[in-house]
Amino acid sequence: MRTVRVWEERRLLERAPEYRTKLAAERLLEHYLNISRLLAGQLDFDSIIQAVAAEIHHILPYDHLDVCIKMVDGKFHIAYESGIETAWSKHPPALLSGSPIRSALSGEVDYLLTDDACSDPRFHFEGSFSTPIIAHGLKARLHVPLKAQGNIIGALSCSSLKPACYTMHDVRNAQSIADLLAPYFYAIRATEQAKQSAIIEAEASAREEGLRFGALKLTEALEMERHRIGMDLHDQTLADLTRLARHVERLARIPDLSGEQLEPLFRGLQHCMHDLRQIIEEAKPSVLQLFGFAQATENHLVRSVQDSGSVVEWILEDWSEGIADLLEETVGTSLFRIVQEAINNAIRHAHANVVRVQLRDNDGRLLVEVMDDGIGMDNQIEQRGHGIDNMRTRARLISANFAIRNNVEGQGTCVTIHLPQAIHNNSSGG
């Protein structure tokens, strides 16, 4: 009996390695299956990494785990981490050429395995972003590619603070994990790209809609301006000409005319001509074209103050170094209309005592500010709301930054127009 018992014990001992191997394989398979289950329903890179980190640790013990994902353009990559947090995941998308594992990401090698990454020259080269390796003392490291549809989309990396703790057996396990993760990462990357494309398309549509709306508002403003000019011509100039025509008819019946009888006719004609010039000047700023932006602005300041009948001090400061006169004609005219409206608002609606206009060269970009010491925006917004809309619309159509706000210091309003360099007329340069 004793002989049989010894033989059975020996047989169990001989079969124990087989049971241990089988048990290890079953546990490994269970971890792989858990990874597959945990991947379901994850919608972003970080969520995936955090969900599967513990299961990966059972297969490949690590102190630092990261997944590096290549951007669609193939030039940049971004890292997602678990375990030790390093500058890799806090860094914005970086150039692939500076990655310490660029050889694995580019497909030059099938994997990277090192006993001590701190001293391995493969991770340290000119321009490489390898400082986290030294900073956190990452010794043993292994890296395998993530492949989807025959292309490398990233890499799975495991690092340990202990040297020489990974073997080729671990590399094979890491590659199996990477093969599980790759399709999910590929799908999420495609989804993110689709989202970005949708956002860009939506922004482009919004800009197009904004331009369409701006063009509509400008058309309405131009139509209102045409209507105003028509009313001015009808109610004033046409009425004056009609009166003068009747006067001429009466004079035609007089046999002998004297100078005194013709004097009212001459005065009426002069008055009518003056009104016509005024209307034409408002419709087309000839002073702007003949004498430049600063002079045209000064001329409008003088005339606006005179027409208001109020005592208003005006100040024009031109530090633009002449770039205002290098604008394309349509841009210069639109900008002048904005400044005209801002000046008119300050004098007519804000009841300002002082109006200051500044022209500045801000690194090659024209900056115009119209400031007053009037009652401020809050007390006049209802009166000049359409004027502000027109200014914004004109600014948008010439790609200028427009802002209107209450003065930071003291009372009054400040209107700012900042033009881009691109709308300068370069044909006049040397």
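1. Let's start with R122, which is partly exposed at 41% relative accessibility. This is a predicted model, and in it R122 makes a salt bridge to D120, with 2.8 Å between the closest N and O atoms. D120 has a relative accessibility of 11% and is therefore buried, since the cut-off for that class is under 20%. So the bridge has a partly exposed arginine and a buried aspartate as its two ends.

2. How many salt bridges are there? The count comes to four. Besides the R122 and D120 pair, two others deserve your attention, E317 with R356 and R360 with E369.

3. The side chains of E317 and R356 meet at 2.8 Å, N to O. E317 belongs to strand β7 (residues 313-319) and R356 to strand β8 (residues 354-362), so this bridge ties together parts that are 39 residues apart in sequence. E317 counts as buried because its relative accessible area is 17%, where the limit is under 20%. R356, at 28% relative accessibility, is partly exposed.

4. R360 pairs with E369, and here the closest N and O atoms are 3.5 Å apart. That separation still qualifies as a salt bridge because the criterion is within 4 Å. R360 has a relative accessible area of 25% and is partly exposed, while E369 is buried at 11%. If you like to check borderline geometry by eye, please look at this pair in the viewer.

5. Now for the aromatic side chains: the structure contains three aromatic pairs. One of them joins F293 and F336 edge-to-face, with 6.0 Å from centre to centre and 80° between the planes. F293 lies in helix α9 (residues 293-308) and F336 in helix α10 (residues 329-349), so the pair ties together parts that are 43 residues apart in sequence. Both F293 and F336 are buried.

6. Which residues do ring pairs link into a cluster? They are F45, Y80 and F185. F45 turns up again among the contacts of R189, a residue found in helix α6 (residues 168-252).

7. Is R189 buried or exposed? With a relative accessibility of 17%, R189 is buried, because the threshold is under 20%. Leaving aside neighbours within four places in sequence, R189 is in contact with I69, K70, M71 and V72, as well as with F45 and I153. You may want to view these contacts of R189 together with the F45, Y80 and F185 cluster, as F45 appears in both.

8. There is also a charge over a ring to look at: R102 lies over the face of F125, 3.7 Å from the ring centre. Helix α4 covers residues 102-106 and includes S103. At 17% relative accessibility, S103 is buried.

9. What does S103 touch, once its neighbours within four places in sequence are left aside? Its contacts are E108, V109 and L112. S103 and F123 are 20 residues apart along the chain, and their C-alpha atoms are separated by 9.6 Å.

10. To recap the bridges for your own check, R122 with D120 comes at 2.8 Å, E317 with R356 at 2.8 Å, and R360 with E369 at 3.5 Å. The arginines R122, R356 and R360 are partly exposed, whereas their partners D120, E317 and E369 are buried.

Technical notes:
Residues numbered from 1 in each chain as written. Predicted model: local features only at pLDDT ≥ 70, side-chain atom pairs only at ≥ 80, totals over all residues. Heavy atoms only, no water. Buried < 20%, exposed > 50% of the residue type's maximum accessible area, 1.4 Å probe, protein only. Helix = DSSP H or I, 4+ residues; strand = E, 2+ residues; numbered from the N terminus. Phe/Tyr/Trp six-rings, centres within 6.5 Å; stacked < 30°, edge-to-face > 60°. Lys NZ or Arg CZ within 6 Å of the ring centre and 35° of its normal. Contact = heavy atoms within 4.5 Å.
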